[in-house]
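Biologist: Could you walk me through this structure? I would like to learn what the terms rest on.

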Amino acid sequence: FGIMAGKVKWVTDIEKSVLINNFEKRGWIQVAENEDWNFYWMSVQTIRNVFSVETGYRLSDDQIVNHFPNHYELTRKDLMVKNIKRYRKELEKEGSPLAEKDENGKYIYLDFVPVTFMLPADYNLFVEEFRKNPSSTWIMKPCGKAQGKGIFLINKLSQIKKWSRDSKTSSFVTQSSKEAYVISLYINNPLLIGGKKFDLRLYVLVSTYRPLRCYMYKLGFCRFCTVKYTPSTSELDNMFVHLTNVAIQKHGDDYNHIHGGKWTVSNLRLYLESTRGKEVTNKLFDEIHWIIVQSLKAVAPVMNNDKHCFECYGYDIIIDDKLKPWLIEVNASPSLTSSTANDRILKYNLINDTLNIAVPNGEIPDCKWNKSPPKEVLGNYEVLYDEEMAQSDGPDRDLRSRSGQSTGTKGNRARDSGKPALTTWK
């Protein structure tokens, strides 16, 4: 599989087979054998080559690709935080009620990413923050890596000095060989189920950024750690306690290969409704949807909204014990590898439903189509936010939604029919 001089990189043969089966179902496989592709499933490296000024590639109207040229504005950990901070400041300047703060100077509606600094650039700012609460735990992550690689936890400044510091001058050394890291306040009070920490992997499809139109996949899942959680500082180095990545957990002694340490989102909903109540659970998932929409709005102005592109992101969300959701990171290439039988079914359906929206009715792709598919082809996707529809509902739509005043698709307060009201981004 390739496009011109660039080759598509498959992570595993499983991913390749799932996609080939999908293309075969649409009658595209013969086209693929002739290497006369209309649709390309590419790695981020290949996308970089395709849209690079140096290569001079040009996509025709019947060529569609699965990443935006500068997707990294959302999917690199440092750039995601930078764009969200910029978005908040812009809303503040505009006097938007969304940027309202409480008496302690915290955002009321936009406080959904942990306090984060870039290293080495923000080292002095980090030290200042650390000294306000010296008993806090922080998590360090390399900006450009995935699957939990290079991540570690610290609770002393000396641990960062070991990582990169010139002890003679007491100044932070910027080394060209050193990779940029983000350091974030660790969520040390995660919601536990069975004593174990977990996070949510949710899939979000963006068909266009201007106007923003995105879809939420209903079949996300929870990823559990294999070892019971403890905030004890003696376990800071035990990644089986702290990191939910399957790439890490599958090497643990307690990893279960049948269920893969995963729970469906519907199981989580059922658990929370039975232990915390339906109203609280609905509020939690509304807040998760809010976080996703606001993160996409934060990057929309800087995203290269190429008409040939769409993207399916993997959102990682952690819920704390107060049922507050936190955005941890967004993945440009969420794994399509199957670790269980249920996983394979989910990911096959994910690809199928994604293609049905990107290329309606399995026809020859056309980048000029209006990217607004009929409801019957959405499959397990549902419209999360449609900017054109939102603008017709008035400027205060988002705030009414965030403050719990759910509205129907036309912005009217839903009638008391016994059914949950549609949230404003649907």
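Biologist: Which helices and strands each supply at least two residues of the lining of the second largest pocket?

Modeller: They are α5 (77–93), β5 (116–119) and α6 (123–132). Helices (H or I, at least four residues) and strands (E, at least two) are DSSP runs, numbered from the N terminus. This is a predicted model: local features need pLDDT of at least 70, side-chain atom pairs count only at 80 or more, and totals for chains, interfaces and linings use all residues. Numbering runs from 1 along each chain as its sequence is written, and side-chain values use heavy atoms, leaving out hydrogens and water.

Biologist: What makes a residue part of the lining?

Modeller: Lining residues have an atom within 4 Å of a pocket point; on a 1 Å grid over the protein atoms alone, a pocket is an open set where a 1.4 Å probe fits, with protein on both sides within 12 Å along at least five of seven lines. Here 34 residues line it, and K106, D111, P114, V115 and L185 are the closest to its centre. The largest share, five residues, comes from α5.

Biologist: Why is the set with L74 and Y209 called a nonpolar core?

Modeller: Because a nonpolar core is a set of buried (under 20% relative accessible area, 1.4 Å probe, protein chains only) Ala, Val, Leu, Ile, Met, Phe, Trp, Tyr and Cys residues joined through side-chain atoms within 4.5 Å. The largest one has 62 residues, and L74 and Y209 are among those with the most contacts inside it. Helix α11 (residues 278–299) gives the most, 10 residues. Apart from this core lies another, of 20 residues, including I64 and F221.

Key. Buried means under 20% relative accessible area, exposed over 50%, partly exposed in between (1.4 Å probe, protein chains only).
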